[in-house]
Amino acid sequence: MKKTVLLGVTGCVAAYKACEVVRGLQKAGLRVKVVMTKNATEFINPGQFRALTREPVAVGTFDDAPGDPIHHISLSKEADVVLIAPCTANVLGKIANGIADDLLTTTAMATTAPIVLAPAMNVNMYENEATQHNLMILAERGVRIVDADSGYLACGDVGKGRLAEPADIVKTVLDVLEVKRDMRGKRVVVTAGPTVEPIDAVRYISNPSSGKMGFALAEAAADRGADVVLVTGPVGLDDPEDVEVVRVKTAQEMFNAVDGVFADSDIAVFSAAVSDFRPEQVVDRKLKKGSDDDALTTIKLVENPDILATMGEKKHADQYVIGFAAETENVVENARKKLETKHADMIVGNPVGESKGFGADDNEAVLVTKDGESHLESMSKRALADRIFDAVLS
Ligand code: PMT
């Protein structure tokens with residue numbers, strides 16, 4: 001079950017940055033529930049967090065929470081960690097001094113989960129003796145503080161008080177929750193998406209790979225601390241955070257990009273649906289029906305380089321190479337054949353068909369190695385990515 005971060009958002013200009021924190025926590029596989037102070041709603045609408053988290057957003061102590069008469073207690077028990085980001089001088093002071101006069105501060109007082117605070121305020125408020133004293137009290141009590149950054153502040157002053165980078169806040173929460181960072185120091189290459197092989201200026205050969213599987217693999221490796229290069233064919237997905245993304249079109253371009261980074265990698269995962277063939281001739285204008293009939297009805301194909309097989313052959317003893325096999329039948333047998341012919345250490349066989357595999361959010365797989373097979377039930381592509389890396393590391 002996913003761990004829950006209860007994110008408290010307080011009344012501060014930096015409240016909008018809490019959205020980025022939410023995304024970062026979710027990408028690390030955590031569930032996020034948001035509690036806002038009344039002042040925070042002056043800066044950002046609860047609907048924003050409701051949409052991002054797909055969870056109700058709590059504000060008032062006495063607001064109706066259906067079936068939950070003592071809301072602050074149930075919220076405090078649900079949390080594996082309470083994070084307050086941004087945390088104003090006021091809320092910081094209240095928590096340090098045991099004042100609980102709204103939903104967020106009563107929840108913070110009631111929780112037995114670890115608390116992480118990311119202060120954000122004007123430089124003079126930050127440097128005020130009261131704030132510094134409160135920070136000291138909280139640190140002594142074991143509250144983790146993600147220290148504010150220095151720089152230009154919203155009020156025009158320059159100094160310390162700017163909310164820490166969302167990535168640093170997420171990192172602290174992951175440390176507190178002891179979320180796996182077991183791929184630190186590993187270099188990982190991932191291929192994703194389809195390739196596109198042009199016929200003429202407007203037509204091409206391709207397939208419906210969405211890139212979701214490959215992007216999930218890249219994200220999972222990065223979240224676990226790896227340095228990741230993601231080589232992807234054309235897809236409509238945003239670059240994952242902390243991942244070097246190389247966007248390519250054709251199989252030959254994907255080959256060249258992978259060839260440039262493979263030697264330095266520890267783990268390479270080939271989840272792309274690479275076109276095995278490409279048209280021998282590419283016409284640089286749009287072929288016309290009628291006048292160019294031959295060129296359109298008879299397309300001579302030549303074979304593309306097999307990226308996985310080439311890298312599999314080149315790999316040295318310390319490298320681990322994983323291929324994928326999208327199969328409509330005989331998944332294990334076909335995956336095992338690919339394990340041998342492509343010199344891979346593991347093939348992830350995944351059944352594909354209507355609403356399975358290509359484009360879907362979930363995937364079902366069997367991990368095939370020379371030692372045997374491990375069948376995995378259908379799960380999110382992100383969860384599967386983690387299971388694949390768990391298997392590699394073990
Ligand atoms: O992108 P999604 O919508 O999330 O869909 C994910 C997926 C279904 C595309 C993915 O899970 C998957 O199964 N990818 C492999 C598709 C496939 O079956 O490829 P293949 O059987 O043609 O190739 C087998 C392996 O060789 C794959 O690792 C492939 O990346 C690799 N290969 C193939 C041909 C080639 N020229 N170069 C290669 O590297």
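Biologist: What makes the order β2-β1-β3-β4-β5 an open sheet of five strands, and which strands are at its edges?

Modeller: In this predicted model, the five strands follow one another in the order β2-β1-β3-β4-β5 with parallel pairing, and β2 (31-36) and β5 (144-145) are called edge strands because each pairs on one side only, where pairing requires at least two bridges between two strands.

Biologist: How do you know that strand β3 and strand β4 pair?

Modeller: Two strands count as paired if there are at least two bridges between them, and β3 (residues 81-87) and β4 (residues 115-119) are joined in the parallel sense over four bridges, so the requirement of at least two is met. Within this pair, I84 stands opposite L117 in β4.

Biologist: Which strands does helix α8 touch, and how is the helix directed?

Modeller: Helix α8 (residues 166-176) packs on the sheet, where it touches β1, β3, β4 and β5, and its direction makes about 160 degrees with that of β3. Another helix, α3 (residues 71-78), lies across β1 (4-9) and β2, and runs at about 145 degrees to β2.

Biologist: Why is T105, a residue of helix α5 (residues 103-110), called buried?

Modeller: The limit for buried is under 20% relative accessible area, and T105 has a relative accessibility of 1%, so T105 counts as buried.

Biologist: What makes the pair T105 and D102 a polar contact?

Modeller: The side chains of T105 and D102 are 2.5 Å apart in this contact, and the cut-off for such a pair of N or O atoms is within 3.5 Å, so the distance satisfies it. Leaving aside residues up to four places away in sequence, T105 also touches V91, K94, I95, I99 and A100.

Note on methods: Residues are numbered from 1 along each chain as its sequence is written. This is a predicted model: local features need pLDDT of at least 70, side-chain atom pairs count only at pLDDT 80 or more; totals for chains, interfaces and linings use all residues. Side-chain values use heavy atoms; hydrogens and water are left out. Helices (H or I, at least four residues) and strands (E, at least two) are DSSP runs, numbered from the N terminus. Contact means heavy atoms within 4.5 Å. Axes are lines fitted to C-alpha atoms, for helices over the stretch in contact, and angles run from 0 to 180 degrees between N-to-C directions. Buried means under 20% relative accessible area, exposed over 50%, partly exposed in between (1.4 Å probe, protein chains only). A polar contact is a pair of N or O atoms within 3.5 Å; within protein, one must be able to donate a hydrogen and the other to accept it, and residues adjacent in sequence count only if both atoms are side-chain atoms.
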